Amino acid sequence: MIYRYETVQKNYEDLASGRVLYNAHGTTSFPVRLASEILQRCFGILESKGVKAPYSIYDPCCGGAYLLTTAGLLHGDKLSSVYASDINSDVLQIAEQNLSLLSAGGLHQRKEQIKEYIRLYDKASHKEALISADKLSGNLSLTSIGKVSVFPHDITNASPGSELPHAVNIVITDLPYGDIVTWKSESENPLTEFFEHVYEHLAAAQSVLAVIADKKQKLQHEKFKRIDLSKAGKRQFAIFEPIKS
Ligand SMILES: C[S@@+](CC[C@H](N)C(=O)[O-])C[C@H]1O[C@@H](n2cnc3c(N)ncnc32)[C@H](O)[C@@H]1O
């Protein structure tokens, strides 16, 4: 894959899972460079349609919200509201903690927690985490994120309905596929159901859907026009526009 936006490999250690961002059993992280590239492709598509930032964003399989939190910390100046849901309510507490880092209050609280760890254990890793947290505070100075919402939801069973606005600008998700997380669904075809239910919250002229998966899952659906398909290491991702009559 050729990176169009994140053309230079940077050091993303400030965003490492478990450093300032929280992690826990059952949650996964995501390559930051790739997340930023995909998100900027989504911004580019929306801008080319005349839809200006800031944008609403939703991850229907959010896990611990690592992807959304890094998106918000890197591109908070282009985002207005962040929605996150997952079928596994156990991970949603981590999602809430991570997404709290998108506000000055949440990041301040995390810094105080890290300072307490430094007082208690005097470890180099905690001192480094505090330096990272200070740097991330700088990122927040330009943020336009005004709303964050986290809720439990099975995206293969129904659309989120009133939990979400009628039309979200960007739906982005890293589908379940690995050893840690697999689809949990009563449907025999969870991927098709996923497309059906996110479709209801997308508007033709002002929305895009970005789906990241392993290379086995077939990223296509009759209600969507695929406008980008790329391979990145063990993953593939596709960006779609909803087809609306
Ligand atoms: C690869 S992880 C996503 C990780 C997330 N993007 C992050 O950055 O932390 C996939 C997630 O899909 C969730 N999942 C599985 N089946 C689901 C369903 N039917 N509806 C919603 N989420 C589901 C799993 O619980 C898991 O948290």
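**Talking through a ligand and its pocket**

Biologist: Which residues are the closest of those that surround the ligand?

Modeller: In this predicted model, 24 residues surround the ligand, and the closest are Cys-62, Leu-67, Asp-86, Asp-154 and Lys-184. A residue counts as near if one of its heavy atoms lies within 4 Å of the molecule.

Biologist: What makes the pair formed by Asp-154 and the ligand a polar contact?

Modeller: The cut-off is a pair of N or O atoms within 3.5 Å. A polar side-chain atom of Asp-154 lies 2.8 Å from a nitrogen atom of the ligand, so the pair qualifies. Backbone atoms take part too: a polar one of Tyr-66 is 3.2 Å from an oxygen atom of the ligand, and a polar one of Ile-87 is 3.3 Å from a ligand nitrogen.

Biologist: How much of the ligand does the protein bury?

Modeller: The protein buries 98% of the 610 Å² that the ligand exposes when taken alone.

Biologist: What kinds of residues make up the shell around the ligand?

Modeller: Twelve are nonpolar, seven polar and five charged.

Biologist: How do you know that the ligand sits in the largest pocket?

Modeller: The test asks for more than half of a molecule's atoms within 2 Å of the pocket's grid points. The space taken by the ligand is the largest pocket, so we say the ligand sits there. That pocket holds about 610 Å³ of space. Of its 35 lining residues, Thr-28, Asp-174, Leu-175, Pro-176 and Val-181 are the closest to its centre. The lining has 16 nonpolar, eleven polar and eight charged residues.

Biologist: Now the backbone! Where is the cis peptide bond?

Modeller: It joins Ala-53 and Pro-54, with omega about 10 degrees. Pro-54 is in the loop between helix 1 (32-48) and strand 1 (55-59).

Biologist: And what is notable about phi of Ala-65?

Modeller: Its phi is near 60 degrees, a positive value in a residue other than glycine. You can find Ala-65 in the loop between strand 1 and helix 2 (66-75).

Terms used
Residues are numbered from 1 along each chain as its sequence is written. This is a predicted model: local features need pLDDT of at least 70, side-chain atom pairs count only at pLDDT 80 or more; totals for chains, interfaces and linings use all residues. Side-chain values use heavy atoms; hydrogens and water are left out. A polar contact is a pair of N or O atoms within 3.5 Å; within protein, one must be able to donate a hydrogen and the other to accept it, and residues adjacent in sequence count only if both atoms are side-chain atoms. Accessible areas come from the Shrake-Rupley method with a 1.4 Å probe; for residues, only the protein chains shown count as cover. On a 1 Å grid over the protein atoms alone, a cavity is a set of points where a 1.4 Å probe fits but cannot get out, and a pocket is an open set with protein on both sides within 12 Å along at least five of seven lines; lining residues have an atom within 4 Å of a point. Ala, Val, Leu, Ile, Met, Phe, Trp, Tyr, Cys and Pro count as nonpolar, Asp, Glu, Lys and Arg as charged, and the others, Gly among them, as polar. Grid points are joined across faces, edges and corners, and a volume is the space filled by probe spheres set on the points. Helices (H or I, at least four residues) and strands (E, at least two) are DSSP runs, numbered from the N terminus.
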